[in-house]
Amino acid sequence: AIDPQFHENRDQVDEHEGHSVWGPVDEPEELGIHGTHVAVDFDICIADGACVEDCPVDVFEWIDTPGHPESEEKADPAKEAQCIDCMLCVDVCPVDAIDVDAG
Ligand code: SF4
Ligand code: F3S
Ligand code: ZN
């Protein structure tokens, strides 16, 4: 499962489409965590898609990640600022790849 303390245990190594990327990153096998308020551990995500389907405000967008061992697509928290903290995505992800900091 995603480490809920990732912002303390990892370093922000990059930005992607306006959100942070938390390392380590070693593409294409290791992709880190995308997002901060809505954080998706790309190294855990298996592209199940429940988060993309269920998010009521369409926070997630698919991105291609060819060569990643778990899946060749990931749910990117492209619009994390729109999140309404409903926690549905956290509940439906079968591999616990998502952390939402509802504060
Ligand atoms: Fe979308 Fe709710 Fe997840 Fe926020 S907590 S990203 S609103 S499903
Ligand atoms: Fe990935 Fe979990 Fe969404 S596996 S696509 S983060 S439901
Ligand atoms: Zn991203």
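**Exercise 1. Two prolines in a loop**

Where does P24 lie? Find the peptide bonds around it in this predicted model.

*Solution.*
Step 1. P24 lies in the loop between β2 and β3.
Step 2. Look at the bond that leads into it. The peptide bond from G23 to P24 is cis, with omega near 5°.
Step 3. Move along to P28, whose place is in the loop between β2 and β3. The bond from E27 to P28 is cis, with omega near 5°.
Step 4. Compare with the usual case. Most peptide bonds are trans.

**Exercise 2. A charged patch**

Which residues gather in a patch of negative charge on the surface? Then place E29 and judge its exposure.

*Solution.*
Step 1. The patch holds D14, E15, D26, E27, E29 and E30.
Step 2. Pick E29. This residue is found in the loop between β2 (19-22) and β3 (33-34).
Step 3. Check its accessibility. E29 has a relative accessible area of 47%. Partly exposed covers the range from 20% to 50%. So E29 is partly exposed.

**Exercise 3. Two salt bridges**

How many salt bridges does a search of the whole structure find? Locate the partners and say which parts of the chain they tie together.

*Solution.*
Step 1. The search finds two salt bridges.
Step 2. Take D41 and R10. Their closest N and O atoms are 3.6 Å apart. The cut-off is 4 Å, so the pair counts as a salt bridge.
Step 3. Place the partners. D41 lies in strand β4, and R10 lies in the loop between α1 (6-9) and β1 (12-16). The pair therefore ties together parts that are 31 residues apart in sequence.
Step 4. Take K79 and E61. Their side chains meet in a salt bridge, at 3.6 Å from N to O.
Step 5. Place these two. K79 lies in the loop between β6 (73-76) and α3 (88-92), and E61 lies in strand β5 (residues 61-64). So this pair ties together parts that are 18 residues apart in sequence.
Step 6. Add the exposure. K79 is partly exposed at 34%. E61 is partly exposed at 37%. D41 is buried, with a relative accessible area of 4%.

**Exercise 4. Two residues of strand β4**

Is V38 buried or exposed? List what V38 and D41 touch beyond their neighbours within four places in sequence.

*Solution.*
Step 1. V38 sits in strand β4 (residues 38-41). D41 is found in strand β4.
Step 2. Read the accessibility of V38. The value is 1%. Buried means under 20%, so V38 is buried.
Step 3. List the contacts of V38. They are V59, F60, P77, E80, C83, I98, D99 and V100.
Step 4. List the contacts of D41. They are I2, R10, G32, I33 and A97.
Step 5. Check one distance. The C-alpha atoms of V38 and R10 are separated by 16 Å. These residues are 28 apart along the chain.

**Exercise 5. Positive phi**

What is the phi of A47, and what is that of M87? Place both residues.

*Solution.*
Step 1. Recall the usual sign. Most residues other than glycine have a negative phi.
Step 2. A47 is not a glycine, yet its phi is positive, at about 65°. A47 is in the loop between β4 and α2 (50-54). Its relative accessibility is 22%, so A47 counts as partly exposed.
Step 3. M87 is not a glycine either, and its phi is positive, at about 70°. M87 lies in the loop between β6 and α3. M87 is partly exposed, with a relative accessible area of 27%.

Definitions and conventions:
Residues are numbered from 1 along each chain as its sequence is written. Chains are lettered from A and ligands numbered from 1 in the order in which they are written. This is a predicted model: local features need pLDDT of at least 70, side-chain atom pairs count only at pLDDT 80 or more; totals for chains, interfaces and linings use all residues. Side-chain values use heavy atoms; hydrogens and water are left out. Patches are made of residues with over 30% relative accessible area and no salt bridge: like charges are joined within 9 Å, nonpolar side chains (Val, Leu, Ile, Met, Phe, Trp, Tyr) within 5 Å. Accessible areas come from the Shrake-Rupley method with a 1.4 Å probe; for residues, only the protein chains shown count as cover. Lys and Arg count as positive and Asp and Glu as negative; His and the chain ends are not counted. The place of a charge is taken as NZ of Lys, CZ of Arg, CG of Asp or CD of Glu. Helices (H or I, at least four residues) and strands (E, at least two) are DSSP runs, numbered from the N terminus. Buried means under 20% relative accessible area, exposed over 50%, partly exposed in between (1.4 Å probe, protein chains only). Contact means heavy atoms within 4.5 Å.
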